[in-house]
Amino acid sequence: MAKERRRAVLELLQRPGNERCADCGAPDPDWASYTLGVFICLSCSGIHRNIPQVSKVKSIRLDAWDEAQVEFMASHGNDAARAKFESKVPSFYYRPTLSDCQLLREQWIRAKYERQEFIYPEKQEPYSAGYREGFLWKRGRDNGQFLSRKFVLTEREGALKYFNRNDAKEPKAVMKIEHLNATFQPAKIGHPHGLQVTYLKDNSTRNIFIYHEDGKEIVDWFNALRAARFHYLQVAFPGASDADLVPKLSRNYLKEGYMEKTGPKQTEGFRKRWFTMDDRRLMYFKDPLDAFARGEVFIGSKESGYTVLRGLPPSTQGHHWPHGITIVTPDRKFLFACETESDQREWVAAFQKAVDRPMLPQEYAVEAHFKHKP
């Protein structure tokens, strides 16, 4: 009997919607919540275990199932749960995938099942009201210490601001929603709730690094920033559909890591730098947590004369790492060296993706700005 019940649960995985994790979309879920009636992956099952008052989990293959539990799973399933627990997810709300950090996946699961934010829209007020203020830990630009700073997000002014003192009249920085991006970077920042916010200051990318001890708070900030971006873009592109705008709300970096680089004359030695590929901007930093990039390279499309080559010109000297990459732009060649072949392969793939994609009209303006940079 036990075997038959387990087989019955396994057969439910063949039903449409059940073949992927209900929470992160990972294929072939091995676990199930027998109180919510959803099939989930191993990673998400660990998060469900932390909310036992809402969700109780079992392994589909290893645990014993009783008749009532099998029937409950059969009468529910992922599609039914989605219809109930995700019925009112705002367009701008970030839905994590299996490649996202633990914090985003945990807060998505808690928001759905524990707080039921997408059944009761009034619970979405913290990130959908168009205004938010509070204190966040912000990394000091020069000394690297995290200090408590007051942040204010106001859609009416189209800005995120922060203040160095509680009683300060003037903000230390005003970040325009138009140019703002936010991405979780727990490993780089050294805190599981670490968020990197970037904005343009005098046409250069400026980084700030923040966190909050409470996971819900920082994810609410992240979604409030996405909401502000969404409403800004709805006004800027009145004909665009939600599906067109949602991918533009926040960007994860295409790739980050160390490479060596040399200067424009290619006579000086190669230096190790931290590189971040953000859309078509390749930025390099002395340290991953620097406020400003040391330099930026624009990577256009092949139609505009950009190519990516494996290896370095034969006469190149001075690099310690063996795996070279050459980026050819209309103006000059950029030479890089990677420590491992797999690094080289990943960087070439990221660059190639940009080169293969035709440029958008607004990207030509960005390219022109790069050409006039001192």
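**Note on the predicted model: sheets, domains, pocket and cavities**

1. In this predicted model, the strands β2, β1 and β3 make up an open sheet of 3 strands, arranged in the order β2-β1-β3 with antiparallel pairing. The edges are taken by β2 (38-40) and β3 (57-59), each of which has a single partner strand, so one side of each is left without a neighbour in the sheet. From one strand to the next, the twist averages 30 degrees.

2. The pairing of β1 (residues 31-33) with β2 is antiparallel and runs over 3 bridges. Within this pairing, Ala-32 has Phe-39 of β2 as its bridge partner. Helix α2 (residues 42-49) packs on the sheet and touches β1, β2 and β3. The direction of α2 makes about 120 degrees with that of β2.

3. An unreviewed UniProt entry lists residues 7-126 as "domain: Arf-GAP". This span is 38% helix and 8% strand, and its end C-alpha atoms lie 44 Å apart.

4. The UniProt entry, which is unreviewed, also lists "domain: PH" for residues 129-230 and for residues 252-356. Over residues 129-230, strand accounts for 45% of the chain and helix for 20%. The end C-alpha atoms of residues 129-230 are 13 Å apart.

5. A further open sheet has 7 strands with antiparallel pairing, in the order β14-β13-β12-β11-β17-β16-β15. Its edge strands are β14 (295-298) and β15 (307-310), and each of them pairs on one side only. The twist in this sheet averages 35 degrees from one strand to the next.

6. At the β15 edge, this strand is joined by 4 bridges to β16 (residues 323-328), and the two run antiparallel. One residue pair can be named here: the bridge partner of Arg-310 in β16 is Ile-325.

7. Which strands does helix α10 lie across? Helix α10 (residues 341-356) lies across β11 (255-261), β12 (271-278), β13 (281-285), β15, β16 and β17 (333-338). Relative to β11, the helix runs at about 110 degrees.

8. The largest pocket holds about 1300 Å³ of space. Its lining comprises 31 residues, and those nearest its centre are Arg-229, Arg-251, Asp-279, Gln-362 and Glu-363. Two or more lining residues come from each of β9 (195-201), α8 (215-236) and α11 (361-371).

9. Which element gives the most to the lining of the largest pocket? That element is α11, with 5 residues. Sorted by class, the lining of the largest pocket has 12 nonpolar, 11 charged and 8 polar residues.

10. Turning to enclosed space, the structure holds 4 cavities of 30 Å³ or more. The largest cavity has about 60 Å³ of space. Residues lining the largest cavity include Lys-138, Arg-139, Gly-140 and Arg-141, together with Arg-206, Asn-207, Ile-208 and Phe-209. Leu-289, Asp-290 and Ala-291 also line the largest cavity.

11. At least two residues of the lining of the largest cavity are supplied by each of β4 (131-139) and β10 (204-211). The largest share, 4 residues, comes from β10. By class, the lining of the largest cavity has 5 charged, 4 nonpolar and 2 polar residues.

Technical notes: Residues numbered from 1 in each chain as written. Predicted model: local features only at pLDDT ≥ 70, side-chain atom pairs only at ≥ 80, totals over all residues. Heavy atoms only, no water. UniProt positions renumbered as here; feature names shortened; annotations may be inferred. Pairing = 2+ DSSP bridges. Axes fitted to C-alpha atoms, helices over the stretch in contact; angles between N-to-C directions. Contact = heavy atoms within 4.5 Å. 1 Å grid on protein atoms, 1.4 Å probe; cavity = no way out; pocket = protein on both sides within 12 Å on 5 of 7 lines; lining within 4 Å. Points joined across faces, edges and corners; volume = space filled by probe spheres on them. Nonpolar A, V, L, I, M, F, W, Y, C, P; charged D, E, K, R; others polar.
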